[in-house]
Amino acid sequence: MDGTAFLIGFTILSLGSLAIYATGSKQPPSRHHTLLHASVPFIAATAYLAMAFGIGTLVKFDGTATYFARYADWSVTTPILLASLVLLAFHERGSTGEVGGYLTSIIVLDVLMILTGLISSLAAVPVIKWVWYLWSCVAFAGVLYLLWVPLRARAMERGPALGSAYLKNVGFLTVVWFLYPIVFLIGPEGLKIINDPTSVWAILIMDVVAKVVYAFFAANNVDKALREHEDRRTVA
Ligand code: RET
């Protein structure tokens with residue numbers, strides 16, 4: 001794989017990080033969302049730079065590559081994206097025990113999903129590969145359950161404006177995140193239906209959507225909801 005795609009990824013993601021920070025709210029109560037969302041493409045840009053230089057790239061016996069930098073990126077950035085949603089669901093409410101409990105559970109499941117996906121990518125024996133792939137999908141199901149059931153209920157309790165922003169953000173995130181196990185499944189780490197360059201370009205587009213496009217979409221929904229939420233509080 002030549003480094004062009006990785007360098008393009010590095011450029012888009014680093015400029016994306018700057019743009020998210022420059023245009024995002026710097027005032028409470030949504031400043032932390034800006035910081036969290038700006039840090040995600042910054043971390044990913046670092047991983048793309050490493051991949052462009054071949055750092056952390058392992059070519060296995062069957063000739064396929066595992067990009068360790070990609071898994072390192074995901075194991076840090078996906079928890080940040082989830083933390084932002086948990087904080088939105090509890091916006092300025094919730095005991096530290098409850099918020100901390102949800103944050104810990106969802107991050108543990110998410111990191112397990114990424115690490116077991118990495119093990120699946122490295123496994124040479126097909127049965128072992130698919131057992132780890134399925135185990136990663138179980139962790140993914142746990143993440144989706146927490147987002148769609150208890151956390152959605154908490155967000156809805158915060159009123160219609162915040163509830164609807166939470167739903168829009170979780171809906172977007174769920175659709176994009178579903179593409180990752182599909183590309184893994186059909187890519188060189190799985191059934192080898194698509195080759196390495198195709199899978200690298202597909203993941204690059206998905207990363208830009210999941211980290212940069214999502215950040216603008218989420219910030220727009222959160223800012224609008226917070227304005228409505230504050231207006232309602234002032235009238236009441
Ligand atoms: C793997 C392979 C094994 C099965 C599953 C996976 C899920 C990966 C996901 C990754 C999301 C990454 C994002 C990065 C951007 O910040 C590890 C591909 C379920 C959901 C959103």
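**Exercise 1. How do helix 3 and helix 6 pack?**
Find the angle between helix 3 and helix 6 in this predicted model, and name the residues that meet.

*Solution.* Start with the geometry: the axes of helix 3 (68–89) and helix 6 (150–157) lie 8 Å apart, at an angle of about 40 degrees. An angle of that size is neither under 35 degrees nor within 65 to 115, so helix 3 is oblique to helix 6. Next, look at the residues: helix 3 brings Val86, Leu88 and Ala89, and helix 6 brings Leu151, Arg154 and Ala155. Finally, sort them by type: five are nonpolar, none is polar and one is charged.

**Exercise 2. Does the length of helix 5 fit, and where does its buried side go?**
Work out what span helix 5 should have, then list its buried residues and their partners.

*Solution.* Helix 5 (126–148) has 23 residues, and at 1.5 Å a residue these should span 33 Å. Its end C-alpha atoms are 32 Å apart, so the model agrees with the expectation. Now for burial: Tyr133, Ser136, Phe140, Val143, Leu146 and Leu147 are the buried residues of helix 5. A reminder helps in reading that list: in an α-helix, residues three or four places apart point the same way, because there are 3.6 residues a turn. As for partners, the buried residues of helix 5 pack against helix 3, helix 4, helix 6 and helix 7.

**Exercise 3. What surrounds the ligand?**
Describe the shell around the ligand by its nearest residues, its helices and its residue types.

*Solution.* First, the shell holds 20 residues, and Gly117, Ser136, Phe140, Tyr180 and Pro181 come nearest. Ser136 and Phe140 are familiar from the buried residues of helix 5. Second, at least two shell residues come from each of helix 3, helix 4 (96–122), helix 5, helix 7 (160–186) and helix 8 (196–235). Third, by type the shell has 13 nonpolar, five polar and two charged residues.

**Exercise 4. Which loop residues have unusual backbone values to check?**
Place the cis peptide bond and the positive phi values of Glu92 and Lys192 in their loops.

*Solution.* Take the cis bond to begin with: it runs from Pro28 to Pro29, with omega near 10 degrees. Pro29 sits in the loop between helix 1 (4–23) and helix 2 (31–52). Then turn to Glu92, whose phi is about 55 degrees although it is not a glycine. Glu92 belongs to the loop between helix 3 and helix 4. With 11 other C-beta atoms within 10 Å, Glu92 is exposed. Lys192, also not a glycine, has phi near 60 degrees and lies in the loop between helix 7 and helix 8. Here 13 other C-beta atoms lie within 10 Å, so Lys192 is partly exposed.

Terms used. Residues are numbered from 1 along each chain as its sequence is written. This is a predicted model: local features need pLDDT of at least 70, side-chain atom pairs count only at pLDDT 80 or more; totals for chains, interfaces and linings use all residues. A residue is near a molecule or strand if its C-beta atom, placed from the backbone, lies within 6 Å of it. Helices (H or I, at least four residues) and strands (E, at least two) are DSSP runs, numbered from the N terminus. Ala, Val, Leu, Ile, Met, Phe, Trp, Tyr, Cys and Pro count as nonpolar, Asp, Glu, Lys and Arg as charged, and the others, Gly among them, as polar. The expected span of a helix is 1.5 Å times one less than its number of residues. A residue is buried if 20 or more other C-beta atoms lie within 10 Å of its own, exposed if 12 or fewer, and partly exposed in between; C-beta atoms are placed from the backbone. Two residues are in contact if their C-beta atoms, placed from the backbone, lie within 7 Å. Axes are lines fitted to C-alpha atoms, for helices over the stretch in contact, and angles run from 0 to 180 degrees between N-to-C directions. Angles under 35 degrees count as roughly parallel, over 145 as roughly antiparallel, 65 to 115 as roughly perpendicular and the rest as oblique.
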